[in-house]
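Reader: I'm new to reading structures, and I'd like a close look at a single part. Please choose one, take me through it step by step, and then show me what else I should look at.

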Amino acid sequence: MNKLPMVDLKKQYQKLQPEIDAEVLSTIASTQFIGGEKVQTFQTNLEKYLGVKYVIPCANGTDALQIALMALDLEEGAEIIVPAFTYVATAEVIALLKLKPVMVDVDPFTFNVTAGIIQEAITPDTKAIVPVHLFGQTADMESIMELAKQNGIYVIEDNAQAIGSNYIHKDGATKKSGTIGHIGTTSFFPSKNLGCYGDGGAIFTNDDSLAKKLKMIANHGQSRTYYHDVIGCNSRLDAIQAAVLNIKLKYLDEYGDARNAVANAYDKAFKNIQELQIPVRANNSTHVFHQYVIRVKDKRDELMQYLLDNGIACNIYYPVPLYKQKAFSSFYDGDDLIVTEQLCNEVLALPIHTEMDESSLNYIINTVIEFFH
Ligand SMILES: *Cc1c(COP(=O)(O)O)cnc(C)c1O
């Protein structure tokens, strides 16, 4: 077992325990397990926090993406542009709905897709783009929205890793990630920045008619009880999860600060190590450091083993480009994507979470430094 974990949900819970236990127990006592006041309150609180007109809670982040795509009423085979360097869920739902995932490369510095990369992949069949705000910072949404508008295509932001980050427009105006595209989605998986104690997710939009459709699809295509207008699914955030999220949402910005403090300490300690590239901060987004991901040429696997041997958890997000996954190989026949390939060989995520103490942090830093000596 690793002494130092990637995330420490136990310590986080212990700090919130009186508050969380009371809320969860009162939810159970109410027997309002599905829907009801807790879910409604969380929805309203999250709408306020994000500054978005509609939040539609659902069962998980993958469902959120699926429901978002279903709401666009696309024809079979419509092309959806996604990064090849992301979690499988982003592309999986596209294939599941018989749409065509078009996998593109990412920027070597931010690890996110850019308008320039997307532009080259647009064809007359392109109907949507799904930028992923990877590891905690927002993709260049202003340029992506401009490109989408020129081409009449939808943008769905996969915001599972960046909830709470601010996108900064050229004129200085800021917006929360996930609220800029036509639809945004997120996940409340326990280890995400805003995590519940089970599965959970949500969809965001400022568009009245999309909101109506999204709500309907998440609830069996129902316009009113027992009247079903479209084919939908059963995707709900349960009340106990909403109760937990209501409490944790209050701490989300504080949690972001705690993660940034760890990232700043890592940056400072590692910036002069030649063989290691620290994460690059985009100048048009704040970072919420869902992951702190370094790049190491050649020696990545060796470093990983060294850290594990010394009781430090670390992980590779992601080891294989999507198009090289068995399930997705039939969706791609182009050349290897250079940056994605490099990243899969070089990235390593170090522990980063809200409960990191000074001595653990110093131990991790010193162990990394020692490896390169
Ligand atoms: C976690 C994650 C998802 C899926 O969320 P689940 O709640 O696990 O279904 C989707 N996309 C990205 C980028 C993720 O990190």
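Author: Let's start with a term: a residue is called buried when its relative accessible area is under 20%, exposed when that value is over 50%, and partly exposed in between. Keep in mind as well that what you have on the screen is a predicted model.

With that word ready, find strand β1, which runs over residues 54–58. Five of its five residues are buried, so by this cut-off the strand is mostly covered. Now look at where the side chains go. In a regular strand, side chains alternate between the two faces of the sheet. You can follow this in β1: Y54, I56 and C58 point one way, while V55 and P57 point the other way. Whichever way they point, all of these residues are buried.

A strand needs a partner to pair with, so to speak, and for β1 you can look at strand β9, residues 201–205. The two pair in the antiparallel sense, over five bridges. If you want one place to put your finger, take P57: its bridge partner in β9 is A202.

Let's move on to the ligand. What surrounds it, and which residues are the closest? The shell holds 13 residues, and the closest are G61, T62, D158, S187 and K192. Sorted by class, the shell has seven polar, four nonpolar and two charged residues.

Three of the contacts are worth a zoom. At T62, an N or O atom of the side chain is 2.5 Å from an oxygen atom of the ligand. D158 meets a nitrogen atom of the ligand instead, with a polar side-chain atom 2.8 Å away. In the side chain of K192, an N or O atom is 3.1 Å from an oxygen atom of the ligand. On its own, the ligand has 380 Å² of accessible area, and the protein covers 92% of this. The elements that give two or more residues to the shell are helices α3 (61–70) and α4 (89–96).

Next, the charged side chains. How many salt bridges does a search of the whole structure find? There are 12, and we can visit some of them.

Begin with R281 and D267, whose side chains meet at 2.7 Å, N to O. R281 is in the loop between β12 (276–277) and β13 (292–296), and D267 is in helix α9 (residues 252–270), so this salt bridge ties together parts that are 14 residues apart in sequence. R281 is partly exposed, at 34% relative accessible area, whereas D267 counts as buried, at 13%.

Now find E346 and R295, where the salt bridge is 2.9 Å from N to O. Because E346 belongs to helix α11 (residues 338–346) and R295 to strand β13, the pair ties together parts that are 51 residues apart in sequence. Here both E346 and R295 are buried.

Helix α11 also carries E341, and the side chain of this residue forms a salt bridge with K324 at 3.0 Å, N to O. K324 sits in the loop between α10 (300–309) and α11, 17 residues apart from E341, and the pair links distant parts of the chain. E341 is buried, with a relative accessible area of 17%, and K324 is partly exposed, with 43%. Elsewhere, salt bridges that share partners join D8, K11 and D357 into one network.

To finish, here are some details of the backbone. The loop between α10 and α11, where you just met K324, is also the place of Y318. The peptide bond from Y317 to Y318 is cis, with omega near 5°.

Then there is the phi angle of D73, which is positive, at about 50°, although this residue is not a glycine. D73 lies in the loop between α3 and β2 (79–83). F289 is not a glycine either, and its phi is positive at about 45°. Its place is the loop between β12 and β13. Are these residues buried or exposed? D73 counts as exposed, at 56% relative accessibility, and F289 is buried, with a relative accessible area of 0%.

Notes: Residues are numbered from 1 along each chain as its sequence is written. This is a predicted model: local features need pLDDT of at least 70, side-chain atom pairs count only at pLDDT 80 or more; totals for chains, interfaces and linings use all residues. Side-chain values use heavy atoms; hydrogens and water are left out. A residue is near a molecule or strand if one of its heavy atoms lies within 4 Å of it. A polar contact is a pair of N or O atoms within 3.5 Å; within protein, one must be able to donate a hydrogen and the other to accept it, and residues adjacent in sequence count only if both atoms are side-chain atoms. Accessible areas come from the Shrake-Rupley method with a 1.4 Å probe; for residues, only the protein chains shown count as cover. Helices (H or I, at least four residues) and strands (E, at least two) are DSSP runs, numbered from the N terminus. Ala, Val, Leu, Ile, Met, Phe, Trp, Tyr, Cys and Pro count as nonpolar, Asp, Glu, Lys and Arg as charged, and the others, Gly among them, as polar. Buried means under 20% relative accessible area, exposed over 50%, partly exposed in between (1.4 Å probe, protein chains only). Two strands pair if DSSP finds at least two bridges between them. A salt bridge is a side-chain nitrogen of Lys or Arg within 4 Å of a carboxyl oxygen of Asp or Glu.
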